[in-house]
Each structure stands twice: as structure tokens, then as C-alpha cells.
Amino acid sequence: MEFWGVEVKPGQALSVKPGEQKYVHISQATLGEIKKDKANEPVTVFLKINDQKLVLGILSAEKFPQISFDLVFEKEFELSHNGKSGSIYCLGYRASADDQEQYPYFSI
């Protein structure tokens with residue numbers, strides 16, 4: 001198991017490939033630095049997988065600057081957001097399918 005983290009820049013989708021016999025566990029998304037005049041604007045975090053675009057959550061600098069998740073992916077997926085003035089950061093870990101014996105609650 002290894003730490004995993006990515007920066008998703010404004011206006012850019014980020015493709016994530018877990019790798020063969022691996023999976024990515026996302027545990028948190030958080031807002032990066034944003035301009036003061038944009039602090040009240042909500043930022044929607046999106047996930048695209050199998051041609052389906054889903055909303056993971058909405059971040060707000062004043063109310064909810066981070067969201068906790070418990071999401072596990074074994075297939076390629078894409079992260080994006082609608083923020084215009086700053087990045088979001090997603091954190092978690094990457095592990096091999098062999099780790100499933102150690103963490104049996106994951107269904108791969």
C-alpha cells in the first residue's frame with residue numbers, strides 16, 4: 001500500500017489509471033488556495049467512469065473546504081471540478097489486489 005494524491009487544476013480533467021491488479025482508494029478531496037473574491041463560490045467535484053459523470057460533492061471555502069470519502073476504484077476514472085480560481089486535491093492510497101487478503105472488506 002502506498003500514499004496516493006493528485007492535483008486537479010481548474011478547467012482540466014485528470015485521468016487516473018490504477019494499474020493492472022491495483023486499485024485506488026480515495027479518502028478525501030480538499031480545496032487548494034483560492035482568490036478571496038471567489039471564496040463564496042461553491043466548487044462541484046465530478047467523477048467520470050464508464051461514460052457516466054457523477055457528482056462526488058460540493059466544496060465551499062467558508063463552510064466545507066474538504067470532503068471525506070471511502071471510494072475504491074479498480075478501473076480508469078476521471079476527476080474534474082467546476083472551480084475557476086484554484087485547484088482541488090484528492091488524497092488516498094494505491095494498493096495491489098494482493099492486499100485484499102489484508103483488507104478483506106474491499107471487493108475488487
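Select Ser 80 first: in this predicted model Ser 80 is buried, because its relative accessible area of 13% falls under the 20% cut-off. The residue belongs to strand 7, which covers residues 77-81. If you display what surrounds Ser 80 and leave aside its neighbours within four places in sequence, you will find it in contact with Val 8, Gln 12, Ala 13, Thr 44, Val 45, Phe 46 and Lys 53.

Two of these contacts, Phe 46 and Lys 53, are worth selecting next as a pair. The charged end of Lys 53 sits over the ring of Phe 46, at 4.5 Å from the centre of that ring.

From here, colour strand 4 (43-49) and strand 5 (residues 52-59), which pair in the antiparallel sense over seven bridges. Following the two strands towards their connection, you reach Ile 49, which stands opposite Gln 52 in strand 5. Strand 4 and strand 5 form a hairpin with two residues between them, and Asn 50 in the turn has a positive phi of about 50°.

Now turn to the open sheet, in which four strands are arranged in the order 1-8-3-6 with antiparallel pairing. Strand 1 (2-8) and strand 6 (66-73) stand at the edges, and because each has a single partner strand, one side of each is left without a neighbour in the sheet. On average, and with direction ignored, neighbouring strands of this sheet are turned by 20° against each other.

Within this sheet, select strand 3 (residues 22-31) together with strand 6, to which strand 3 is joined by six bridges in an antiparallel run. A useful place to centre the view is Ile 26, which stands opposite Leu 71 in strand 6. What does Ile 26 touch, not counting residues up to four places away in sequence? Its contacts are Trp 4, Phe 69, Asp 70, Leu 71, Phe 73, Phe 77, Leu 79, Leu 91 and Gly 92.

Keep Ile 26 selected and extend the view to the largest nonpolar core, which has 20 residues. Those touching the most other members are Trp 4, Ile 26, Leu 59, Phe 77, Leu 79, Ile 88 and Cys 90. The elements that give two or more residues to this core are strand 1, strand 3, strand 4, strand 6, strand 7 and strand 8 (88-96). Strand 7, where the tour began with Ser 80, is thus met again among these contributors.

As a last selection, show the aromatic rings, among which the structure holds one aromatic pair.

Definitions and conventions
Residues are numbered from 1 along each chain as its sequence is written. This is a predicted model: local features need pLDDT of at least 70, side-chain atom pairs count only at pLDDT 80 or more; totals for chains, interfaces and linings use all residues. Side-chain values use heavy atoms; hydrogens and water are left out. Two strands pair if DSSP finds at least two bridges between them. Axes are lines fitted to C-alpha atoms, for helices over the stretch in contact, and angles run from 0 to 180 degrees between N-to-C directions. Rings of Phe, Tyr and Trp (its six-membered ring) pair if their centres lie within 6.5 Å; planes under 30 degrees apart count as stacked, over 60 as edge-to-face and the rest as tilted. A charge sits over a ring if NZ of Lys or CZ of Arg is within 6 Å of the ring centre and within 35 degrees of the ring normal. Buried means under 20% relative accessible area, exposed over 50%, partly exposed in between (1.4 Å probe, protein chains only). Contact means heavy atoms within 4.5 Å. A nonpolar core is a set of buried Ala, Val, Leu, Ile, Met, Phe, Trp, Tyr and Cys residues joined through side-chain atoms within 4.5 Å.
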